[in-house]
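Trainee: I would like to learn how to read strands, cores and helix packing from a model. Can we go through one together?
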Amino acid sequence: MTLIGNNPLLKGASGMLGNTVYYRKWRGRLIMCNKPKRRKSLSNEQKKTVSRFKLASKYAVGQMKDEDAKAAYQQGTNNRYHSAYLVALNDYLNAPRVAEIQVHNYSGSIGDKITIDAWDDFKVVRVNVVITDIDGAIIEEGDAMQSKSSPHLWKYKATVTNSKVKGSKIVAMAFDKPRNMGIGEVLCD
């Protein structure tokens, strides 16, 4: 790929030149590249990727029709994603992740706090916490509250007494606006 700067002969050029060189605009700049080659067929993985991008595009177009959603995604623009549409598209394609679950303040008592560190490329909208005992039976489940000082930190306050903390599993599920889910879990010692 060659970037073309101040060349009056190529100003406004686009499309094919001969059968080998292709000119097009990319992010406001004129570039010159080799003629794109068409594949004869797509592999199953490529078909899945194409399908996923179609769904992401459909989601992003829908979000651009909603003025509130468009304004929210506009706040996420940066040098890489320079439009609200691209931010929405990227948000659909990338699930949030649970980076850490802090259980050092959880001893099985009502009111004990569990802190979840959840990230997303745009915004985590909800974190759900499930606490199970050593046999896998659900002790309690509920939504964590987002920290006002750090938007990536979520706090869950226990509502049920857990008499057998050792071996209990705490699972945190983070959700973003397109309903992608990221999961993290930790066993209590």
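Trainee: Which residue in β8 is the bridge partner of N128?

Mentor: D143 is that partner. Keep in mind that this is a predicted model. Strands of a sheet pair through backbone hydrogen bonds, either parallel or antiparallel. Here β7 and β8 (residues 138-143) are antiparallel, with 5 bridges.

Trainee: What lies between the strands of that hairpin?

Mentor: There are 5 residues between β7 and β8. One of the hairpin's features is G136, with a positive phi near 95°.

Trainee: How many bridges join β7 to β11?

Mentor: Count 8, again with antiparallel strands. For one matched pair, take V127, whose bridge partner in β11 is A174.

Trainee: Is β7 mostly covered or mostly open?

Mentor: Mostly covered. Of its 9 residues, 7 are buried, and buried means under 20% relative accessible area.

Trainee: Which strand gives the most to the largest nonpolar core?

Mentor: Start with the core itself. A nonpolar core is a set of buried residues joined through side-chain atoms. The largest one has 20 residues. I101, Y106, I114, I116, V127, V129 and I170 have the most contacts inside it. At least two core residues come from each of β5, β6, β7 (124-132), β10 and β11 (169-176). β7 gives the most, with 4 residues.

Trainee: What does V129 touch, sequence neighbours within four places aside?

Mentor: Its contacts are I116, E140, E141, G142, A144, Y156, I170 and V171. A second, separate core has 10 residues, including A56, M64, Y73 and L89.

Trainee: How do I read the order of strands in an open sheet?

Mentor: Go from edge to edge. One open sheet of 4 strands runs β5-β6-β10-β9, with antiparallel pairing. β5 (97-102) and β9 (145-146) each have a single partner strand, so one side of each lacks a neighbour in the sheet. Further in, β6 (residues 113-119) pairs with β10 (residues 153-157) over 5 bridges, in the antiparallel sense. K113 stands opposite K157 in β10.

Trainee: Now the helices. At what angle do α1 and α2 pack?

Mentor: About 110°, with the axes of α1 (residues 44-65) and α2 (residues 67-74) 5 Å apart. Angles of 65 to 115 degrees count as roughly perpendicular, and α1 and α2 therefore fall in that class.

Trainee: Which residues meet there?

Mentor: From α1, Y59, Q63, M64 and K65; from α2, E67, A69, K70 and Y73. By class, this contact has 4 nonpolar, 1 polar and 3 charged residues.

Technical notes. Residues are numbered from 1 along each chain as its sequence is written. This is a predicted model: local features need pLDDT of at least 70, side-chain atom pairs count only at pLDDT 80 or more; totals for chains, interfaces and linings use all residues. Side-chain values use heavy atoms; hydrogens and water are left out. Axes are lines fitted to C-alpha atoms, for helices over the stretch in contact, and angles run from 0 to 180 degrees between N-to-C directions. Angles under 35 degrees count as roughly parallel, over 145 as roughly antiparallel, 65 to 115 as roughly perpendicular and the rest as oblique. Contact means heavy atoms within 4.5 Å. Ala, Val, Leu, Ile, Met, Phe, Trp, Tyr, Cys and Pro count as nonpolar, Asp, Glu, Lys and Arg as charged, and the others, Gly among them, as polar. Two strands pair if DSSP finds at least two bridges between them. A nonpolar core is a set of buried Ala, Val, Leu, Ile, Met, Phe, Trp, Tyr and Cys residues joined through side-chain atoms within 4.5 Å. Buried means under 20% relative accessible area, exposed over 50%, partly exposed in between (1.4 Å probe, protein chains only).
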